[in-house]
Amino acid sequence: MTGGVESGSDHVAPSDIDTLAAILRRATDSSSVVQVVGGGTRQGYGSPPPPDIVLEMGAMADIETWDPDDLTVTVGAGMPVAELEATLATRSQTAVLPEVPGASTVGGVIAAGVSSLRRGRLLGTRERVLETTLVTGDGRIVRGGGRVVKNVTGYDLPRLVVGAFGSLGVIATVCLKLWSTPPASATVEIDDLEAATKVTRPLAVLEENMAKRVFLWGTREEVAATSARLGGAITEGHQWPPDPGGPFRWSLRVPPALTSAAIALLPPDWRYLAIHRVGEVRAASEDAAEAAGIRVWAEENGGSLVVVDAPPGGLVGLDPWGAPPAGLGIQRRLIAQFDPGRIINPGRLPGGI
Amino acid sequence: MTLIDELRLLLGVDRVLDAAVELYLYSRDASLMRGEATCVVFPETTDEVSTVVRIAEAHRVPIVARGAGTGLTAGASPTEGGIVLVTTAMNQIEIDPDNRTAWVGSGVINLDLTRAAEPYGLHFAPDPSSQSACTIGGNVANNSGGAHCLAEGATTSHVLGLEVVVAGGEVLLLGGKAPDRPGLDLKGLIVGSEGTLGVVTRALVRLLPLETDVRTLLLDFDHLSGATKTVSDVIASGLVPAALEIMDQKMTIAVENWLHAGLPTAAAAVLLAEVVGDPEAVEAEAALIDRIGRENGAGTIQIARDEAHRDTLWKGRKSAFGAVAQVAPDYYLHDTVVPRSRLVETMEEIQAIADRYQLDVYNVFHAGDGNLHPLMAFDASQPGMMERVHQAGEEMVAACLRRGGALSGEHGIGLEKRDMMRAGFTELDLDAQARLKEVFDPAATFNPAKVLPQGSRCFDFGGTRREIPDGAWI
């Protein structure tokens with residue numbers, strides 16, 4: 001896989017924000033390319049050049065503040081998602097981050113703009129980041145947003161940081177909006193997606209190659225009643241599926257009503273995990289032969305097919321992102337204000353930025 | 001050609017106003033801060049907006065976009081002169097029931113969108129108290145919230161795409177119905193930017209299914225802490241109700257005198273809670289709130305008997321600010337946020353500040369997310385009164401910031417809180433924000449002098465920004 005951590009480079013692992021700032025300032029002065037690494041799980045996006053410096057965030061992983069009453073938590077970006085969620089679960093809370101995170105970190109999930117499978121009901125990662133403290137390429141420490149669940153104070157920098165792959169700065173700390181976990185949960189297998197419409201707002205409706213499942217949560221009374229109404233095999237609790245694995249990994253994004261059509265278009269040997277009512281299909285394949293056709297269809301319908309990972313040389317002419325997004329000039333100029341030497345994760349974004 | 005001539009050539013005589021009385025009508029929003037525009041224009045299409053932007057740039061005058069003018073922070077007051085661009089003629093609604101989205105003109109009134117969506121079993125979740133007047137464009141500009149945004153998120157969580165006219169009259173189509181459009185989320189940056197980055201002409205919004213059932217409860221307490229503890233315990237139990245609103249006694253009395261809704265005027269605090277969902281869900285959840293309320297000393301608990309009763313309970317909440325009009329001729333209301341765990345002590349300090357300035361303060365707030373709206377009612381004709389009100393207001397906001405709060409929860413910064421931004425952010429933070437503004441709007445055409453205090457840009461590397469002298473346009 002191209003997705004990996006370069007070994008022939010200098011590795012640094014700052015444990016505080018001032019050291020991080022000094023590293024980035026020096027990197028800008030010497031025009032050194034910096035690869036930022038959290039858990040190292042999502043290094044396959046875009047087409048970055050080999051880095052001079054590998055910046056590991058694992059030493060900036062503290063919980064800074066967490067008062068369960070406030071429904072917010074502030075953590076160092078290097079905090080592993082699994083560890084954070086396990087801690088929050090002790091007080092029946094969740095940050096609604098990806099359910100099967102592997103080694104991924106909070107900062108990595110935010111930088112890559114990856115969301116929870118529960119996003120149809122609880123919204124995506126972009127809706128959950130309340131405050132970010134960044135270190136820009138030229139070493140400025142910049143905070144945006146606030147540590148309260150709701151605020152309109154200046155431009156929404158935290159939202160811009162989600163999915164920006166570090167191009168506005170390395171994320172040092174983030175404040176996330178939490179959600180209370182209700183007492184009961186269940187998973188119901190269904191044969192026909194039509195059945196899922198019997199529940200107004202399920203937590204998730206997921207489809208994989210061999211299974212369609214509705215995920216429910218709520219009070220005991222609600223979960224008992226709604227799961228019975230769905231009429232399939234009921235399992236208590238949630239067993240969340242991992243993203244499909246393979247040499248090529250894809251993120252297919254279409255308008256929600258086209259989710260089933262997108263699945264129907266996938267070649268039979270592609271593995272997939274689709275989030276109905278959202279329009280996100282995570283897929284994996286052995287080759288990229290049919291990807292161009294799928295991308296054409298997705299883009300014609302207002303969507304995209306994004307390469308999440310691919311083996312070296314495997315894409316043969318296929319752009320990692322597809323058609324460039326609107327406002328590319330503005331995006332470049334924004335990034336130039338935060339990373340003037342373009343040293344942090346260059347080449348990760350659409351348009352080769 | 002003069003500015004007015006050029007605009008009239010584009011829009012016709014009727015859609016360009018410049019008579020003194022007309023300019024006066026558009027000289028402010030619902031705040032007390034007035035400006036003076038050169039003219040007021042009513043474009044109907046995105047192309048027209050684009051041309052207006054180019055004309056404004058050629059004449060070097062600012063543009064202040066305005067919907068219904070219900071904003072409370074002077075965000076839509078033309079304090080730097082120039083063109084007031086009224087969006088109300090851009091009022092198309094195009095609903096896509098399959099994808100549960102709608103493309104909506106920025107001049108569409110919030111409640112009209114929900115009414116248009118209802119036949120499809122859908123609604124637009126953000127519901128500011130001004131929803132029967134405020135526009136979607138204004139909601140986008142201020143990232144408006146409302147009572148129901150605790151569970152569903154504020155406007156930004158419901159905007160999937162935007163059509164926006166930026167510098168040079170360029171029309172950008174950002175986002176879309178598919179999730180996670182690759183690249184930077186420029187749409188998300190424009191939401192909440194208070195018209196300072198461009199003019200939004202259309203928004204693609206998410207619509208949610210109408211809830212099949214609802215339970216609305218009104219609980220009264222003889223101490224505020226009973227109400228706030230109930231809110232905390234309800235959320236800790238794993239339930240995030242659709243709304244959790246608290247009114248203090250003064251506000252309850254004012255509302256009851258006006259509305260006669262049967263509100264418990266003897267109580268120190270009243271909690272309005274609402275749960276929505278499938279019938280089984282709301283039944284159990286209402287029972288849970290009832291039990292937790294009693295554990296925390298709730299006196300009487302009313303559960304809405306029917307839709308009419310529910311409307312009455314909500315009307316009390318939503319017309320709270322109107323009710324104050326019968327108490328005193330003027331009011332001033334702040335919008336701040338504190339971490340929920342600090343609600344009680346913050347409220348006590350707000351009361352102490354009001355006492356110190358001998359002002360009446362009324363409270364009604366979104367308790368679930370710690371969003372306070374302390375409201376001072378007064379008679380502005382009394383000498384020195386406005387100074388007292390402003391001074392007390394600033395102290396109240398400072399009290400919230402000291403507790404880790406934010407300057408604004410849902411009303412925005414505008415001009416009112418612009419100079420308080422320094423209390424919440426460092427010079428480098430504000431410099432970063434000023435850079436965002438410069439990238440979008442190098443000529444400072446869009447709603448200049450709002451949101452960011454003068455001199456926010458602390459390092460100037462010879463960018464293209466012109467320094468705009470105060471009052472240059474008027």
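Helices and strands are DSSP runs numbered from the N terminus, a helix being a run of H or I of at least four residues and a strand a run of E of at least two. In these terms V451(B) lies in the segment after α16 (427–440) of chain B. The model described here is predicted.

**Two non-glycine residues with positive phi**

V451(B) has a positive phi of about 70 degrees although it is not a glycine, and V316(A), likewise a residue other than glycine, has a positive phi near 25 degrees. Their surroundings can be set out from the neighbour counts. V451(B) is buried because 29 other C-beta atoms lie within 10 Å, whereas V316(A), which sits in the loop between β18 (304–309) and α9 (328–338) of chain A, counts as exposed because it has 10 C-beta neighbours inside 10 Å.

**Strand β5 of chain A and its partners**

Strand β5 (residues 72–76) of chain A is largely enclosed by the rest of the structure, because four of its five residues are buried. β4(A) and β5(A) form a hairpin with four residues between them, and L71(A) in the turn has a positive phi of about 55 degrees. β5(A) also pairs with strand β9 (residues 170–177) of chain A. The table places these two pairings beside one from chain B.

| Strands | Sense | Bridges | Residues opposite each other |
|---|---|---|---|
| β4(A), residues 63–67, and β5(A) | antiparallel | four | T65(A) and T74(A) |
| β5(A) and β9(A), residues 170–177 | antiparallel | five | V75(A) and V174(A) |
| β16(B) and β21(B), residues 375–378 | antiparallel | four | Y331(B) and A377(B) |

**An open sheet in chain B**

The pairing of β16(B) with β21(B) belongs to an open sheet of three strands, in the order β16-β21-β18 of chain B, with antiparallel pairing. β16 (330–333) and β18 (360–362) of chain B stand at the edges with a single partner strand each, so one side of each is left without a neighbour in the sheet. Neighbouring strands of this sheet are turned by 30 degrees against each other on average, direction ignored.

**Nonpolar cores**

The largest nonpolar core has 206 residues, of which V106(A), V170(A), I83(B), L85(B), L271(B) and M376(B) touch the most other members. Leaving aside residues up to four places away in sequence, V106(A) touches V75(A), A77(A), M79(A), V81(A), L84(A), L97(A) and V174(A). Another core, of 37 residues, lies apart from it and includes L117(A), A186(A), F215(A) and A178(B). In soluble globular proteins, nonpolar side chains tend to be buried together.

**A helix crossing in chain B**

The axes of α8(B) and helix α13 (residues 343–356) of chain B come within 10 Å and cross at roughly 150 degrees, and the crossing is right-handed. L224(B), S225(B) and T228(B) of α8(B) make the contact with L343(B), V344(B) and M347(B) of α13(B). By class, this contact has four nonpolar, two polar and no charged residues.

**The contact between the chains**

In the contact between the two chains, 76 residues of chain B meet 70 residues of chain A. On the side of chain B that touches chain A, the elements giving two or more residues are β9 (171–175), α7 (186–190), α8 (224–236), α10 (279–295), α15 (421–424) and α16 of chain B. Of these, α16(B) gives the most, with eight residues. The residues of this side of chain B divide into 34 nonpolar, 26 polar and 16 charged.

Technical notes:
Residues are numbered from 1 along each chain as its sequence is written. Chains are lettered from A and ligands numbered from 1 in the order in which they are written. This is a predicted model: local features need pLDDT of at least 70, side-chain atom pairs count only at pLDDT 80 or more; totals for chains, interfaces and linings use all residues. A residue is buried if 20 or more other C-beta atoms lie within 10 Å of its own, exposed if 12 or fewer, and partly exposed in between; C-beta atoms are placed from the backbone. Two strands pair if DSSP finds at least two bridges between them. Axes are lines fitted to C-alpha atoms, for helices over the stretch in contact, and angles run from 0 to 180 degrees between N-to-C directions. Two residues are in contact if their C-beta atoms, placed from the backbone, lie within 7 Å. Ala, Val, Leu, Ile, Met, Phe, Trp, Tyr, Cys and Pro count as nonpolar, Asp, Glu, Lys and Arg as charged, and the others, Gly among them, as polar. A nonpolar core is a set of buried Ala, Val, Leu, Ile, Met, Phe, Trp, Tyr and Cys residues joined through C-beta atoms within 7 Å. A crossing is left-handed if the near helix is turned anticlockwise from the far one by less than a right angle, and right-handed if clockwise.
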